[in-house]
Amino acid sequence: MTRFNTQLVHGLPVDDNNTGAVNPPIYNSTTYAFERVDAMPRYDYARSGNPTRDFLERQIAQLEHGDRGFAFASGLAAIHAVLSIFKPGDRIVVGKNIYGGTYSLFHEYFADRGLVFTPVNTHDAQALENAVAAQPDRNIPAAKAVYFEVLTNPLLDVNDVRLIANIAHRYGAIAVVDNTFVTPYLQRPLDLGADVVIHSATKYLAGHSDVNAGLVVTLSKEIGNAIYFAQNRFGGVLAPTECDAVRRGIQTLALRMDRQQANAKSIAQYLLAHPLVKTVNYPGLPGRERELAAKGLRGAGGVLSFEVVPGVDPADVLNNLHIFHLAVSLGAVESLAELPCRMTHFELPREERLKVGITDELVRLAVGIEDAADLIEDLGQAFDIAYECYLQRHGGEDVFGKIAEGVFA
Ligand SMILES: *Cc1c(COP(=O)(O)O)cnc(C)c1O
């Protein structure tokens, strides 16, 4: 068996071309000829199956150590397909701080169709256990699934897949993991006991901010068949050209992620030492290696967040960045910066946001593969401007004593 990096590059070749092309072909055919009327061809119609999509689906299944893979037109289409396998009355325990679009899909769509969602802090094993277990006295059945993300967004808490899957299984529930922020390069949740893995392949897997895509990987035949039904009947399939774009992105996943992590670590250390920064959230900071390893992670990825000190306006930092794009999304080659309270998490009521720790001062960075020194200089000059703005608002009073210290020289 080949190793991970080789698998990234080669996938599982489909031996169906005699041209010698080293890349799998993009099949833009929606229909496929039958040899005879009673033939049962492997492909008949593109919604049901397409060789280019097959390549990507086999590739992600291989990388995640699963049985079957499924490619969808977006991460949310993938999540919709997974949730569709449940029935009215089924209860799903959901980690707090999940992706906003997922939260909205659950509460504004599936809840109206009879699914019951129980939010829980997945770091609290006892609370999780209580949430998953049946409560016969209150007529509450055991949960059918626990749904969570490995790294929470934007605070980067690390969920323990093994622990959560264990608790789910104890009560007959399955564990569904959104592995978008982590990728199979840093962790394969199915190896740790999860039953279903989901990706917004829009992010790290495609990696270039140029394709919307979602992937699902399953282990059991039963769940695999149910996801295939949803893919084929809802029809939210990924188009062949997009499948190829994701395949191509996956080839460089490890290289990109290595650089993104190295850059994120340098930036996190720079931010920790910066006088205008109050807190830094990045599980890849030195000293946290043990925690990561204990939870089965080989790295912390390229997303981090930080809070500026009170009085400094984070918008003054963000509006003055030149290399970081002021943009949502993550996982691509270019660095992005955003203000969660205004740009990604504005749908959460402010009190809810504050309760989970997403303050008005919190900035999220999705670090790319540029030179770390350029990214740090970019942040540095933006902090300088933000401090000038602060001084102007406060009549020049240098409360931090920074000018005297020459911090901003
Ligand atoms: C972006 C994202 C999604 C949604 O994926 P789309 O491709 O935008 O539909 C789901 N989960 C996480 C963690 C994400 O970051």
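**Reasons behind the terms used for this predicted model**

Me: Why is Gln59 called buried?
Reply: In this predicted model, Gln59 has a relative accessibility of 0%. Buried means under 20% relative accessible area, so Gln59 counts as buried. Gln59 has its place in helix α2, residues 51–63.

Me: What makes the approach of the Gln59 side chain to Leu8 a polar contact?
Reply: The side chain of Gln59 reaches the backbone oxygen of Leu8 at 3.1 Å. A polar contact requires a pair of N or O atoms within 3.5 Å, and therefore 3.1 Å satisfies that cut-off.

Me: Which residues are in contact with Gln59, leaving aside its neighbours within four places in sequence?
Reply: They are Gln7, Leu8, Gly11, Arg247 and Ile250. Ile250 is 191 residues from Gln59 along the chain, and their C-alpha atoms are separated by 9.1 Å. Contact is judged by heavy atoms within 4.5 Å, so the C-alpha separation is not the value that decides it.

Me: What makes the pair at the start of α3 a polar contact?
Reply: A side-chain oxygen of Ser74 comes to within 3.4 Å of the backbone nitrogen of Leu76. The cut-off for a pair of N or O atoms is 3.5 Å, so this pair falls inside it. Helix α3 itself spans residues 75–83, and its buried residues are Gly75, Ala78, Ile79, Ala81, Val82 and Leu83.

Me: Which residues have the most contacts inside the largest nonpolar core?
Reply: Among the 90 residues of this core, they are Val246, Ile267, Leu271, Leu304, Phe306, Leu365 and Phe383. Helix α15, residues 372–393, gives the largest share, nine residues. Domain 1 (4–251) and domain 2 (253–404) each supply at least three residues. Apart from this core lies another, of 26 residues, including Val94 and Tyr147.

Me: How do you know that strands β11 and β12 pair?
Reply: Three bridges join β11 (residues 336–338) to β12 (residues 362–366). Pairing requires at least two bridges, so β11 and β12 meet the condition. The two strands run antiparallel, and Leu336 has Ala366 as its bridge partner in β12.

Me: Why are β8 and β10 called edge strands?
Reply: The open sheet has five strands in the order β8-β9-β12-β11-β10, with mixed pairing. Both β8 (277–281) and β10 (325–326) pair on one side only. Helix α10, residues 253–273, lies across β8, β9 and β12, running at about 10° to β9.

Notes: Residues are numbered from 1 along each chain as its sequence is written. This is a predicted model: local features need pLDDT of at least 70, side-chain atom pairs count only at pLDDT 80 or more; totals for chains, interfaces and linings use all residues. Side-chain values use heavy atoms; hydrogens and water are left out. Buried means under 20% relative accessible area, exposed over 50%, partly exposed in between (1.4 Å probe, protein chains only). Helices (H or I, at least four residues) and strands (E, at least two) are DSSP runs, numbered from the N terminus. A polar contact is a pair of N or O atoms within 3.5 Å; within protein, one must be able to donate a hydrogen and the other to accept it, and residues adjacent in sequence count only if both atoms are side-chain atoms. A nonpolar core is a set of buried Ala, Val, Leu, Ile, Met, Phe, Trp, Tyr and Cys residues joined through side-chain atoms within 4.5 Å. Domain bounds come from an automatic or database domain assignment. Axes are lines fitted to C-alpha atoms, for helices over the stretch in contact, and angles run from 0 to 180 degrees between N-to-C directions.
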